[in-house]
Amino acid sequence: MRDLKWLALISLLGFATYSQAIDNVLNIQRIDEKVDLDGELNEAFWSKASDASNFIQNTPVAGANSIRKTVVRMAYDNSALYIGAEMFDERDSMSLTLSQRDDPGNADWFGVVIDPYHAGTIGFAFSVTSAGVQIDELHQVNSIDNSWNAVWQSEVSIKEDRWIAEIKIPFSALRFPKKDMQKWGINFMRNVRRKRELSHWNYYNPQGINLISQLGTLEGITGVESPVRLSLTPYVSGYIENYDGSSGYTLNGGMDLKYGLNEAFTLDLTLVPDFGQVQFDQQVLNLSPFEVQFNENRQFFTEGTELFNKQSLLYSRRVGGVPINYALVNAQVDSNETIIENPGQTQLINATKLSGRTKKGTGIGVFNAITKPMEAIVENKEKSERRRIETAPATNYNVFVLDQNLKHNSTVTFTNTNVLRNGSTYDANVSALGGDFFTNGQRYNYSVYGALSQRYENAEPQLGYKTSAKIAKTRGNFLWSMTYNESNKTYDQNDLGFQTTNNLRNLSARIVYNIYEPFWRFYRVRTNFITSYARLVDPNEFSSTSVYASIIGTFRNFMTASLWLDAGPTRNHDWFEPRVTGRFYEADRFLGVGGFLSSDYSKPFALDMTAGLYSYDEDNRFDCTFSVSPRFRVNDQLMIVLASDIEYNRNNEGVALTQNFEVPVEEMNPVFGKRDRLTVINRISADYIFTNRMGLTFTLRHYWSKVNYNSFFMLNELGQFEGAIYDGMDDVGASLHNTNFNAFTIDMVYRWVFAPGSEMTLVWKNSIFASSGSTNESYFQNVNNLIEFPATNSLSLKILYYIDFWETKQRLFSN
């Protein structure tokens with residue numbers, strides 16, 4: 001106890017404690033005998049292999065010895081690495097819950113991360129839970145790609161005093177240099193779920209920047225050549241869809257191809273892709289001036305894209321997204337015409353990725369995708385004639401990246417994105433160059449960035465720029481950073497990227513203090529303070545100031561709690577909400593407070609709760625939020641999570657009307673409204689896992705948001721409200737602005753991995769999207785009315801089969 005008190009005091013003063021960084025070394029042996037992958041480690045070579053043990057905690061007590069013994073041994077042959085790990089524990093104490101692939105769930109797990117270049121810039125991570133569920137990740141300097149998937153094998157066995165994991169990682173799943181004697185970076189990890197203990201063989205100091213910069217060394221691999229990395233994954237799929245009594249079906253087929261051009265570079269190609277089974281987007285009622293950014297759920301665009309996303313210029317939802325002229329069709333339709341068809345999504349023909357890194361640390365990435373032309377069909381009701389309106393021309397999307405590794409995990413990166421459209425529709429191009437530099441020991445970080453956007457619509461290209469600089473302390477208990485960002489009014493990366501604002505310069509500062517070691521009733525505490533100041537670039541006018549502070553701590557009973565404060569101490573000038581260039585809205589000063597509680601997930605029942613409250617200068621204006629999410633682990637196979645979010649905005653202020661055809665755009669006075677908004681989101685998620693290769697997931701989401709406008713005002717040139725001669729009503733007294741929006745979706749997926757890399761998925765999708773001006777109903781009345789709207793139902797079956805050239809060749813010749 002005395003030691004813990006001293007530890008807490010030293011931690012509070014900001015000094016590092018416990019173990020210093022040690023580069024452990026493990027020697028690996030070559031084997032010739034066949035390995036029977038059964039989770040038993042019965043082969044003779046296992047007992048002769050060097051072992052890695054004496055794991056050190058990363059959490060909850062950084063630097064302390066692990067509470068449970070772990071012993072890891074390795075071997076290799078011409079085609080693969082083999083890992084045998086023994087995790088000692090009492091059988092009754094082990095957490096053996098099943099989960100979907102890439103999700104550790106509530107189980108104990110063991111893993112390995114491998115950096116074949118030992119440069120601290122990339123790590124291939126392979127983990128397996130005590131229930132046999134596989135997890136793989138790709139670690140980068142500043143990110144972890146959970147969507148990366150490799151084909152490898154593992155088996156687990158449970159004993160009275162330990163659980164054992166036996167893993168086979170084919171060399172085809174890795175990229176490594178072409179040389180006779182290899183020297184790789186490596187670390188082993190173990191998680192004891194009930195104790196929240198994460199430990200490593202080579203100490204992973206939480207004060208460091210990442211895991212892959214703190215690896216041990218693997219020696220002894222010699223005479224291994226990178227195998228032919230060629231795999232094909234053909235698929236077939238079928239869909240039956242029904243909407244409002246009309247049914248139809250489609251049959252699809254295509255293929256994904258992966259080919260290792262050499263030991264470092266891989267080509268990924270998808271031909272006639274099918275993304276019909278991806279999860280529904282979480283649709284919302286958007287009253288803001290900015291586009292809603294949705295998650296990318298298509299595997300091809302999430303896997304192996306870390307190089308393309310490094311400078312945040314690729315928003316892959318642009319590829320195969322909404323046609324560029326989709327919203328312009330209504331303006332081209334005569335009064336006697338009806339829109340028969342207007343597809344809301346462009347069709348992707350193919351997409352290709354080429355990426356890798358040379359021996360000298362030069363990363364190269366090339367991404368290319370082609371979409372077909374899209375058309376709307378309109379019909380003349382009098383003449384029964386149809387015509388076509390182009391909504392998107394044939395388009396080529398391209399991304400090119402060069403990324404050079406330097407000392408101390410520093411990098412210099414160049415990225416170019418390019419969109420070429422057939423015909424008269426404009427083309428777009430963005431080029432960016434940036435450097436991210438660390439000092440020796442990675443204690444300080446300096447970064448600079450500049451980007452140039454070009455839009456080719458007429459003879460003269462429209463040019464825009466964006467630039468940023470940052471300096472930060474990145475190691476230790478006490479951290480800080482200062483960041484400057486600027487972009488002019490013509491900078492635009494939205495053709496292949498995502499951007500909400502431009503024409504701003506922003507200066508921000510951040511201070512962080514983390515306590516990594518236990519003290520008093522806490523295991524770990526993190527504090528955060530951020531302040532910012534922003535101005536418009538052209539004209540040079542004030543925009544905003546903000547202050548944010550938070551503290552989050554994990555108690556010794558593994559409950560996590562947080563408190564936060566968010567303030568706008570000045571009357572900020574919002575230059576975007578008016579939707580008219582050169583006009584601003586003078587926003588109220590505000591103060592927000594809130595927090596959350598999250599209980600121990602290892603228990604059969606856990607609970608998450610959040611709450612927040614914002615108050616404003618103006619009387620009777622406030623925002624409040626509350627959410628609750630109980631989690632029920634019924635047994636090791638069934639997990640149910642419920643969630644309810646409620647948000648109420650009283651007298652929220654925002655644009656109601658900007659269009660006025662009688663005056664020039666620069667003379668418009670936007671009409672603002674004061675409105676009450678209620679949003680309720682309910683979700684039900686359930687997972688039933690039959691085996692570590694077969695499971696059923698169910699996700700239901702109902703989003704409801706209703707908006708009632710109370711009064712309307714004209715926005716004057718000082719950004720303030722004046723009385724408006726506008727009541728927001730139509731000729732019969734109905735509101736033109738009140739909105740009732742519903743989005744109801746169900747995704748139910750049965751997945752069976754019947755062979756490594758091969759799977760069958762059966763998916764049922766149901767959706768209702770409805771919008772009206774009726775806002776008088778209660779929540780339950782609204783749900784009852786929602787049932788009357790027609791629903792879209794889709795049932796689909798997809799089978800894909802993984803074929804690896806190297807494995808197939810080995811089997812053929814061995815027979």
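The following exchange examines how several descriptions of this predicted model are justified.

Me: Why is aspartate 804 called buried?
Reply: Its relative accessible area is 6%. Buried means under 20%, so aspartate 804, at 6%, is buried. This residue belongs to strand E46, which comprises residues 803–804.

Me: What makes the pairing of aspartate 804 with tyrosine 802 a polar contact?
Reply: The two side chains are 3.2 Å apart in this contact. The cut-off for a pair of N or O atoms is within 3.5 Å, and therefore the value of 3.2 Å satisfies the distance condition. Beyond its neighbours within four places in sequence, aspartate 804 is in contact with Ser172, Leu230 and Ser231.

Me: Why is valine 322 called exposed?
Reply: The relative accessible area of valine 322 is 57%. Exposed means over 50%, so valine 322 qualifies. Valine 322 is found in the loop between helix H3 (299–302) and strand E19 (337–341). Between valine 322 and glutamate 653 there are 29 Å in space, C-alpha to C-alpha, and the two are 331 residues apart in sequence.

Me: Why does histidine 118 count as partly exposed?
Reply: Its relative accessibility is 30%. Buried is under 20% and exposed is over 50%, so a value of 30% falls in between and histidine 118 is partly exposed. Histidine 118 sits in the loop between strand E7 (109–115) and strand E8 (122–129), and its phi is positive, near 50°, in a residue other than glycine.

Me: What makes asparagine 620 partly exposed?
Reply: With a relative accessible area of 46%, asparagine 620 is neither under 20% nor over 50%, and therefore it is partly exposed. The loop that holds asparagine 620 runs between strand E37 (605–616) and strand E38 (622–633). Asparagine 620 also has a positive phi, about 65°, although it is not a glycine.

Me: How do you know that the radius of gyration of the protein agrees with that of a compact globule?
Reply: For 815 residues, a compact globule would have a radius of gyration near 28 Å; the protein has 29 Å, so the two agree. The C-alpha trace spans about 90 × 65 × 55 Å along its principal axes. Buried residues constitute 49% of the 815 residues.

Me: What is the omega of the peptide bond called cis between threonine 59 and proline 60?
Reply: Omega is about 0° for this bond. Proline 60 is placed in the loop between strand E4 (56–59) and strand E5 (70–76). The bond from aspartate 538 to proline 539 is cis as well, with omega near 0°.

Methods
Residues numbered from 1 in each chain as written. Predicted model: local features only at pLDDT ≥ 70, side-chain atom pairs only at ≥ 80, totals over all residues. Heavy atoms only, no water. Helix = DSSP H or I, 4+ residues; strand = E, 2+ residues; numbered from the N terminus. Buried < 20%, exposed > 50% of the residue type's maximum accessible area, 1.4 Å probe, protein only. Polar contact = N/O pair within 3.5 Å; in protein donor to acceptor, adjacent residues only side chain to side chain. Contact = heavy atoms within 4.5 Å. Rg over C-alpha atoms; globule rule 2.2 N^0.38 Å.
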